[in-house]
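Colleague: I would like a close look at a single part of this model, namely one place where two helices pack, together with the backbone around it. Please take me through it in one connected account.

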Amino acid sequence: MQEPQDRPVGHPGTDARPDKDVTSRIDRRLFLGGVGAATTAAMLANTSGTAYAAEEPAFAPLPAEMQPPASASLMALKTFSRIDGTPVYYWRGNRGNTTLRDWRCTPAFYDRLVVWIRDLRRLSEDGGFGNVKFLVSAGFYVNRSGQHGNGTAMDLDLVRWGGGRQSSPLDGHHAGDRTRRRRYLAVDATCRRRFRYVLDGWYNAAHRDHIHADFGGLPTKCSKGSSSDTKFVQAMSNNFMGAGIAVDGVWGPQTEKWFNRARNRLSIEGNPHASIDSWRTMLARVARHGFRNEAF
Ligand SMILES: [Zn+2]
């Protein structure tokens, strides 16, 4: 299985932005009280438990007759400045800027971002990080083709916690010291629990300065045929178990051996290649080790 190509976002979609009032009107008509609300309720109900399998697929498409014409579909987007209360800043070209800005994505993608940031908070908590203070993004909806053009993608530049620690894909933390690499893999793992595909600094040079997360390959399972998934497993094996294997995206005997070792050491039940629940549990345990800077 081949992942879609994704380019880093130089500038988010400030162009071709429909009038905000029109957007709100169409959002209400299409989504409030409809599929979006039902999906939100179903997903939020699952955040505290461990039985995640029932929530897939997270978003049932609208019946054909309810879908807006192609020309209007871009207006069926939610505008937001915070995810579940946490501000999302834009630092490209203006580092440190804390001006709130309007981001856009589909309501279903926003719902998933909420579930994701709650995972991130919970999994980083016992590493002593404090709350997630803010995020930095390079873009969500962008006026171009692909997952960004559909409003179902995020480019994550940085996570800052209340205690002052951060993980900065923007600064290439996947290639930093081991503490930074483990923390980056922890953030990466939280993204992989909720999004697919996730493209990171190991995936290709275009992602050396952000983590891309989208809805293009749901559901979330570990696919041996996915270069993105395989590189994540290889980087995880090297940084948490000292495997010393090539991060080449090809699932060979060494990758298989170290993956099974990780499964055993993390006490993972079930098959992460076939079970969403099993893979998500494994990712959560990788994330906890990463935030604690602990080998496994
Ligand atoms: Zn992207």
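Modeller: In this predicted model, helices α6 and α7 cross in a left-handed sense. Helix α6 spans residues 178-194 and helix α7 residues 227-241, and the two pack at an angle of about 145° with their axes 10 Å apart. On the α6 side the contact is made by Arg178, Arg181, Arg182, Leu185, Asp188 and Arg192, which meet Phe232, Ala235, Met236, Asn239 and Phe240 of α7. Sorted by class, this contact between α6 and α7 comprises five nonpolar, one polar and five charged residues.

The loops that adjoin these helices hold some backbone details that deserve a check. Tyr197 belongs to the loop between α6 and β8, and the peptide bond that leads from Arg196 to Tyr197 is cis, with omega near 15°. On the other side, Pro219 sits in the loop between β9 and α7, and the bond joining Leu218 to Pro219 is likewise a cis peptide, its omega being about 5°.

As for confidence, the protein has an average pLDDT of 83, and 75% of its residues score at least 70. Over residues 7-69, however, pLDDT stays under 50, and for that stretch the model has 72 contacts beyond four places in sequence.

Elsewhere in the chain, Asp84, in the loop between β2 and β3, has a positive phi of about 50° although it is not a glycine. Asn293, in the segment after α9, also has a positive phi, near 55°.

Notes
Residues are numbered from 1 along each chain as its sequence is written. This is a predicted model: local features need pLDDT of at least 70, side-chain atom pairs count only at pLDDT 80 or more; totals for chains, interfaces and linings use all residues. Axes are lines fitted to C-alpha atoms, for helices over the stretch in contact, and angles run from 0 to 180 degrees between N-to-C directions. Helices (H or I, at least four residues) and strands (E, at least two) are DSSP runs, numbered from the N terminus. A crossing is left-handed if the near helix is turned anticlockwise from the far one by less than a right angle, and right-handed if clockwise. Two residues are in contact if their C-beta atoms, placed from the backbone, lie within 7 Å. Ala, Val, Leu, Ile, Met, Phe, Trp, Tyr, Cys and Pro count as nonpolar, Asp, Glu, Lys and Arg as charged, and the others, Gly among them, as polar. pLDDT is the predictor's confidence in each residue, from 0 to 100.
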